[in-house]
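Me: Hi! Could you walk me through this one with me? I'd like to chat about helix packing, pockets and any odd backbone spots.

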Amino acid sequence: SMKKKLFSAMGLMSGTSMDGVDVSIIKSDGYDEVELIFDQYFEYDIDLYRQLSTLRDKIKSSEDLTKYSKELSDLERTLTIFHAEKISKITLKNEIEIDLIGFHGQTIFHNPQIKITKQLGDGNLLSQLLKKPVIYDFRQADIDNNGQGAPLTPIYHRLLVNNFLNKEKDNSAQPICIVNIGGISNATIINDISNNIEKDLIAYDIGPGNCLIDEWIRNNSNFTFDEDGKIAKSGKIDQLILNQAIDNFKIETYSKSLDVKEFDISFARGLSLEDGCSTITEFTAYLIAEGIKFLNKNNSNKYLFCGGGRKNKFLIESIIRNSNLNKNNFDMIDNFQLNGDYIESQAFAYLAIRSKLNLPISFPNTTRCNAPVIGGKLANNY
């Protein structure tokens, strides 16, 4: 068969923890080839982080998007310039030629029920500043087609499994499930590797990820997250409060995407920093494990963790314990020549290439859209 053209694409992802931007460069044909070139993280300065988290907390409804539109567009500009400055540094220093940029932006509001998803990030401005084509606004087209707008990484997870994981003989037989613990946790099951993407892929948001733990830590200490799960480990789980929280909160269906705003940590009020952290981490682990049980129909899935939450040892141990599965069913994606911190930023580079080639990026079994959706808008502003 003809060799397909390889594109060099940069992916930019800032997750729900709002702490900074992951930048990745990959080479891919948009189909089944991928080469990982470069990954780097840029932390937001404390001022930008505060502005983002303050504004996100104010936006509770679509009306608020109008009410705070001036603040939103000012912050969007600041955020876009932050991205542009960091990227200029990378491309200059590494002399890497980039064909295309996938710019996810910072989610500020996500509500598929009313067909609105809002990411801060001005694709046209970024394109103008960097003199490159930019693909942005990846989620809206999916939502317009009755999808949930998330998760969008599954098709990239499938590419990684085909390229990195099935080289290991013992894995090819069993379905592989990639569990990404970001602000929210989502999971992708890659079944029998056929040529049929839609049959191969199933994905869901399955619960909170770091969002509740991060919020507790930010509200009750000078830290922004619980490094390695040390704070949770030093506390004691309040079993009574935990059981009440579990009884009061049910994920009715896994076919809807989850937003950080759907969860709250008021149940831990009154607990010490450590005990609250311990209890909230256990609550999070319980919900993720319930999601894993839901996915584990035939007891043979291999689960690979990626995303920031995989570094929280207390959380991971609790998930494995709560799942009632054998420890051997779980592994870190990092044990397969991949860096679990950059899967999402790499994914948006790949999704940008697919968007450029007019290939679908979401599917009925990943986002519940009506039919495969080509997402992403192109800015060619230079």
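Reply: Happy to, and what follows goes through helix contacts, a pocket, a cavity and a few backbone details of this predicted model.

Me: Great, pockets to start. What is the volume of the second largest pocket?

Reply: The second largest pocket comes to about 540 Å³.

Me: Which residues lie nearest its centre, and how many line it?

Reply: Nearest the centre of the second largest pocket are Ser53, Arg56, Asp57, Glu215 and Arg218, and the lining counts 25 residues.

Me: Which helix gives the largest share of that lining?

Reply: That's α1, with seven residues. Helices α1 (46-58) and α8 (211-220) each supply at least two residues of the lining.

Me: And how does the lining of the second largest pocket split by class?

Reply: There are 10 polar, eight charged and seven nonpolar residues in that lining.

Me: Nice. Now closed spaces: how many cavities of 30 Å³ or more are there?

Reply: The count is one cavity of 30 Å³ or more. The largest cavity has a volume of about 40 Å³.

Me: What lines the largest cavity?

Reply: Its lining is made up of Thr16, Arg56, Thr107, Ile108, Phe109, His110, Asp259, Val260 and Lys261. Strand β4 (residues 100-111) gives the most, with four residues. By class, the lining of the largest cavity has three nonpolar, three polar and three charged residues.

Me: Arg56 rings a bell. Where did it come up before?

Reply: In the second largest pocket, where Arg56 is among the residues that lie nearest the centre. Arg56 also lines the largest cavity.

Me: Back to α1, then. At what angle do α1 and α3 cross?

Reply: The α1 and α3 (residues 69-94) axes cross at roughly 145° and come within 11 Å. In handedness, α1 passes α3 in a left-handed crossing.

Me: Which residues meet there?

Reply: From α1 you have Leu48, Gln51, Leu52, Leu55 and Lys58, and they meet Glu71, Leu72, Leu75, Thr78, Leu79 and Phe82 in α3. That contact of α1 with α3 has seven nonpolar, two polar and two charged residues.

Me: Let's move along the chain. How far apart are the axes of α10 and α11?

Reply: The axes of helix α10 (residues 239-248) and helix α11 (residues 273-295) are 10 Å apart, and the two pack at an angle of about 40°. The pair is therefore oblique, α10 to α11.

Me: Is that crossing left-handed or right-handed?

Reply: α10 passes α11 in a right-handed crossing. On the α10 side, Ile241, Leu242, Ala245 and Ile246 make the contact, and they meet Thr279, Glu282, Phe283 and Tyr286 in α11. By class, the contact of α10 with α11 has six nonpolar residues, one polar and one charged.

Me: What about α6 and α13, at what angle do they pack?

Reply: α6 and α13 pack at about 100°, with axes 9 Å apart. That makes α6 roughly perpendicular to α13. Ile155, Tyr156, His157, Leu159 and Leu160 of α6 make the contact with Ile343, Gln346, Ala347, Tyr350, Leu351 and Arg354 of α13. Those residues divide into eight nonpolar, two polar and one charged.

Me: Good. Last topic, backbone oddities. Which residues are joined by a cis peptide bond?

Reply: Ala150 and Pro151 are, with omega about -10°. Pro151 sits in the loop between α5 (140-144) and α6 (154-165).

Me: And which residue has a positive phi of about 50° although it is not a glycine?

Reply: Asp137 does, and it is found in the loop between β6 (134-136) and α5. Asn358 also has a positive phi, about 55°, although it is not a glycine. Asn358 lies in the loop between α13 (343-356) and α14 (364-367).

Me: Why do these spots catch the eye?

Reply: Because most residues other than glycine have a negative phi, and most peptide bonds are trans.

Terms used. Residues are numbered from 1 along each chain as its sequence is written. This is a predicted model: local features need pLDDT of at least 70, side-chain atom pairs count only at pLDDT 80 or more; totals for chains, interfaces and linings use all residues. Side-chain values use heavy atoms; hydrogens and water are left out. Axes are lines fitted to C-alpha atoms, for helices over the stretch in contact, and angles run from 0 to 180 degrees between N-to-C directions. Angles under 35 degrees count as roughly parallel, over 145 as roughly antiparallel, 65 to 115 as roughly perpendicular and the rest as oblique. A crossing is left-handed if the near helix is turned anticlockwise from the far one by less than a right angle, and right-handed if clockwise. Contact means heavy atoms within 4.5 Å. Ala, Val, Leu, Ile, Met, Phe, Trp, Tyr, Cys and Pro count as nonpolar, Asp, Glu, Lys and Arg as charged, and the others, Gly among them, as polar. On a 1 Å grid over the protein atoms alone, a cavity is a set of points where a 1.4 Å probe fits but cannot get out, and a pocket is an open set with protein on both sides within 12 Å along at least five of seven lines; lining residues have an atom within 4 Å of a point. Grid points are joined across faces, edges and corners, and a volume is the space filled by probe spheres set on the points.
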